[in-house]
Amino acid sequence: GWVRVTWPGSTLAYNYRMSKSLNKFDLCRQVDANQTAIAGSTEPCSSVATFENGITPFTQDKTDNFDWTRSSGGTSSRSTGPAQDHTYGNSSGYYMYIETSSPRVVGQKARLISSVFSTESSTCKFLFWYHMYGGTIGTLNVYIRRQSGLYGDQLIWTKKGNQGNQWISSGQLAFGAVPAFQLVFEGIRGTSFTGDIAIE
């Protein structure tokens, strides 16, 4: 599984240099708290990234209801969630998922938030893989979170309900130029425990 962010016409890239973890974006750069590009933070990098070595550059949102879980193999509940990751297609690879068993209740949210990035041309594009299998699957949302202005979170992708026992590509998602932004993955718990949602 992989996440890819690209801006046409540029050869710049930011690489966190942690091989195989979900930390490589094509054609973007990290910015600091003042929304200034960090010196030396642009360099060629691979377009393939996974959760094999951790969750960097994502962090758990501290204002949501519960956390995403990094896992390999199946989830802890029957009849929901993946049996294996997407990258390797076996039980040794890792992915992130929301565990929807008790004490979780309907409507509770878990969010993963990326580091801050900036764009350098008119269009940003990326994709990811998701797994939404179970009789009580809730919702998976993806937002871009702007770091300036009054824009707030912009929903750029959403999916709801059982999508079958399979990893599915989100397809290429695109949004306009943003001076500084974060990617936010939000999983919302459905009506019962067969609602585990996973991403890679």
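Buried means under 20% relative accessible area, exposed over 50%, and partly exposed in between, using a 1.4 Å probe on protein chains only. This is a predicted model: local features need pLDDT of at least 70, side-chain atom pairs count only at pLDDT 80 or more, and totals for chains, interfaces and linings use all residues. Residues are numbered from 1 along each chain as its sequence is written, and side-chain values use heavy atoms, with hydrogens and water left out.

**Exercise 1. Place strand S6 among its partners.**

Step 1. Take the strand itself. Strands are DSSP runs of E, at least two residues, numbered from the N terminus. S6 covers residues 94-98. Of its 5 residues, 4 are buried.

Step 2. Find the partners. Two strands pair if DSSP finds at least two bridges between them. S5 (residues 69-72) pairs with S6 over 4 bridges, in the antiparallel sense. S16 (residues 197-199) is joined to S6 by 3 bridges and also runs antiparallel to S6.

Step 3. Fix the register. Tyr94 in S6 stands opposite Ser72. Met96 has Ile199 in S16 as its bridge partner.

Step 4. Check Tyr94 for a charge. A charge sits over a ring if NZ of Lys or CZ of Arg is within 6 Å of the ring centre and within 35 degrees of the ring normal. Arg70 qualifies: its charged end is 3.8 Å from the centre of the Tyr94 ring.

**Exercise 2. Classify two aromatic pairs.**

Step 1. Set the rule. Rings of Phe, Tyr and Trp (its six-membered ring) pair if their centres lie within 6.5 Å; planes under 30 degrees apart count as stacked, over 60 as edge-to-face and the rest as tilted. The whole structure holds 7 such pairs.

Step 2. Tyr95 and Tyr97 have ring centres 6.0 Å apart and planes at 55 degrees, so this pair is tilted. Tyr95 has a relative accessible area of 0%, so Tyr95 is buried. Tyr97 is at 5%, so Tyr97 is buried too.

Step 3. Phe128 and Trp157 lie 5.1 Å centre to centre, with 80 degrees between the planes: edge-to-face. The two are 29 residues apart, with Phe128 in the loop between S9 (123-126) and S10 (129-132) and Trp157 in S12 (residues 153-160). Both are buried.

Step 4. Extend the pair. Ring pairs link Phe128 and Trp157 with Phe58, Tyr130 and Phe185 into a cluster.

**Exercise 3. Which residues does Ser170 touch?**

Step 1. Locate Ser170: the loop between S13 (168-169) and S14 (173-176).

Step 2. Test exposure. Ser170 has 12% relative accessibility, so Ser170 counts as buried.

Step 3. List contacts (heavy atoms within 4.5 Å). Leaving out residues up to four places away in sequence, Ser170 touches Leu127, Phe128, Tyr130 and Trp157.
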